[in-house]
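Please look over the model below before reading my comments on its helix packing and charged pairs.

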Amino acid sequence: MQIIIVGCGNVGSTLAEQLSKEGHNITIIDMKSDVVKHVSNTFDIMGVVGNGAGYSIQMEAGIEHADLLIAVTSSDELNLLCCLIAKKAGGCHTIARVRNPVYSREINFIKEEMGLSMVINPEDAAAMEIARVLKFPSAIKIDTFAKGKIELVKYRIEENSVLCDQALKNVSAKYKSEVLVSMVERDEDVFIPGGNFVLRAKDEISVIGSARNTVQFFKKLGVTTTKAKSAFIVGGGETGFYLANQLLSIGVKVKIVERDKGRCEELSELLPQAMVICGDGTDRELLLEEGVAQAGAFVALTNLDEENIMLSLYVKSISKAKLITKVHRIAYDKIIGELDLGSVIYPKFITAEIIIKYVRAMQNTIGSNIETLYRMNNDRVEALEFVVKEDSPVLGIPLQELKLKPNLLISCINHKGNVVIPRGQSIIKAGDTVVIVTTMTGLHDIKDILKY
């Protein structure tokens, strides 16, 4: 598809990188010439310098032939104007990043009146991701397929876990759960494991199955699967507000520490069920006095990455709370991986991922059959969900007879809503969706899993 991206910050550049990898023709627009030059050269894409809301700039970028324009500048108003101009000039699909809660409350009206295909609020999206993890605190990350019917749960094996030093075939025989360990991350290595693979302490495993079966599996292991009963949030910005609102609605007790007095008064009015504490979230005495050591979950949501990281490290040293750490700077990724900060949330990645899902859905209408795709472990592993069409060469053949490429695992089959962990005799039928986990990146069709 022909896609124009306005704004080359972290979200815009992440989108440019991933969408160009998936074979789309990308043109970027930004006011800063050095940024446009860097991004266009790095990812070998077209670049235009100028105001993305300008008609002439959009025409130069090829809006007349574009399928989609994505506006992700730092200004909500500019993003909305870009989409309005694009709609009039090219008639293409449009996506706007809108952060202001005032607009968010009127988003359905704005979307309908302006003909927007999608509006994404990064803070709300990050809050939803955090809330999902807090419903299953033992998980590091939860990705979903088949409209939520299938879950891929990432979990770190503790030193005293019953999984330590167990071969996967023994785990399967002992716990008899309809789940599959589809990937193991050990230090710098990534494995697509077979039955003889032996699990070790500190391995990060990705377990796939229906939502119900994954919960049952972890219960059998003695792992906590119930939601956190209380959450201690430092930072009362928009993400903190959206998160507290979601947690209160499912019965979680919420404390928020915010240093700005005016914002505290605002939060107290907006969230009467929450306890709002006006104070410095980095004050150790304050945290202890307010019971951070007894909290079920601790969420660091200040505007400073370093502050969030230090807060999580401190709380980790004094409690067993589920840790959630918000980080904006993608460059910290490798450093943070060594610190064991629980679940690290990158709002910019979440925003980009949601937009990319929409792009894939658009692509499906014109021939592709990738329904969902997640990139993991610094893009070294892909988990893909394919829709199987009637002419597919994988139909009706037992899986054990298929000649599959190496480093690839058929992890799950969704047959009309019935989630199946595949065995050797399992067969794939037309209309099924199939989840593949592989270290071989760049698959575009279910037939690409076969050797020829």
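The points below take up one helix pair and then several salt bridges.

1. This is a predicted model, in which local features need pLDDT of at least 70 and side-chain atom pairs count only at pLDDT 80 or more, while totals for chains, interfaces and linings use all residues. Residues are numbered from 1 along each chain as its sequence is written, and side-chain values use heavy atoms, with hydrogens and water left out.

2. Helix α7 (residues 122-134) and helix α10 (residues 238-249) have axes that come within 8 Å and cross at roughly 40°. The crossing therefore counts as oblique (neither under 35 degrees, nor over 145, nor 65 to 115). Among the α7 residues that meet α10 (contact being heavy atoms within 4.5 Å) are M128, I130 and L134, and their partners in α10 include Y242, L243 and L247.

3. The structure holds 15 salt bridges (a side-chain nitrogen of Lys or Arg within 4 Å of a carboxyl oxygen of Asp or Glu). One of these joins E129 and R132, at 3.0 Å from N to O, and the two residues lie three apart in helix α7, about one helical turn. E129 is buried at 11% relative accessible area, whereas R132 is partly exposed at 28% (buried means under 20%, exposed over 50%, partly exposed in between, with a 1.4 Å probe and protein chains only). Both residues belong to a salt-bridge network with K141 and D143.

4. K154 and E204 also meet in a salt bridge, at 3.4 Å from N to O. This pair links distant parts of the chain, with K154 in strand β8 (residues 150-156) and E204 in strand β11 (residues 204-210), 50 residues apart. E204 is buried, with a relative accessible area of 16%.

How values were computed:
Axes are lines fitted to C-alpha atoms, for helices over the stretch in contact, and angles run from 0 to 180 degrees between N-to-C directions. Helices (H or I, at least four residues) and strands (E, at least two) are DSSP runs, numbered from the N terminus.
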